[in-house]
Amino acid sequence: MFTGIVTDIGTIQAREQRGDTRFRIQTSYDTASIDIGASICCSGICLTVIATGADWFDVEASAETLACTNAGEWQPGRRINLERSLKVGDELGGHIVSGHVDGLAEVVTAVPEGDSLRLDFRVPNALAGFVAAKGSVALDGVSLTVNAVQGNVFGINLIPHTQQVTTLGKLAMGDKVNFEVDTLARYVARLRDWVNT
């Protein structure tokens, strides 16, 4: 479980194809405090740590993960948002994020607004109903508030701080980010579907 508050930007050091795809991620985290088997949110994807070194940790991604997220595009040098899992008693600064990506959101506009950056994203029609104005979404693991929604397009604003401490400030038109709907929206939709069957 995560909050969508990024605490480090990691860099993909290596990618190795075995049965699954193994990534080595450089980090500024104290890797001595990361247990094997720990969950780390990597640009919105909950991945399990399988090895650690002085300034890196390794994770594996299955074919399903690569097909449903932007991890299939990760190559050495790519920077990704990182967040360690929530501990009981931690401040919940964003919203509850599971790290279970629902799909990809594509940047359709990127326009400066004052010091902020206005980004509009298009999501698949099947996911559009989960997005609400003033609701929460996670984009590449970052908890954000939705400003407006029109059809399957929604907009968010990135303040300068968020642009600096996450990878989102470098997004451009056509880029695709990992998209997770708010957990509450997911359960409300399931309950609605169940009641209507």
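This section describes the aromatic ring pairs and the charge-over-ring contacts found in a predicted model.

A search of the whole structure returned 3 aromatic pairs. In one of them, F23 and W74 adopt an edge-to-face arrangement, with their ring centres separated by 5.2 Å and their planes inclined at 65° to each other. Because F23 belongs to strand β2 (residues 21–26) whereas W74 is placed in the loop between α1 (63–68) and β6 (79–84), this pair ties together parts that are 51 residues apart in sequence. Both partners are shielded from solvent by the criterion applied here: F23 is buried, its relative accessible area being 0%, and W74 likewise counts as buried at a relative accessibility of 0%.

A further pair, formed by F121 and F154, is stacked, with a centre-to-centre distance of 5.6 Å and an angle of 25° between the planes. Here too, distant parts of the chain are linked, since F121 lies in strand β8 (residues 116–122) and F154 in strand β12 (residues 153–158), 33 residues apart. F121 counts as buried, with a relative accessibility of 0%, and F154 is also buried, at a relative accessible area of 1%. Together with F179, F121 and F154 are joined by ring pairs into a cluster.

Contacts between arginine side chains and aromatic rings were also identified. R24 is positioned over the face of W56, at a distance of 3.5 Å from the ring centre, while the charged end of R84 sits over the ring of Y29, 5.8 Å from the centre of that ring.

Terms used. Residues are numbered from 1 along each chain as its sequence is written. This is a predicted model: local features need pLDDT of at least 70, side-chain atom pairs count only at pLDDT 80 or more; totals for chains, interfaces and linings use all residues. Side-chain values use heavy atoms; hydrogens and water are left out. Rings of Phe, Tyr and Trp (its six-membered ring) pair if their centres lie within 6.5 Å; planes under 30 degrees apart count as stacked, over 60 as edge-to-face and the rest as tilted. Helices (H or I, at least four residues) and strands (E, at least two) are DSSP runs, numbered from the N terminus. Buried means under 20% relative accessible area, exposed over 50%, partly exposed in between (1.4 Å probe, protein chains only). A charge sits over a ring if NZ of Lys or CZ of Arg is within 6 Å of the ring centre and within 35 degrees of the ring normal.
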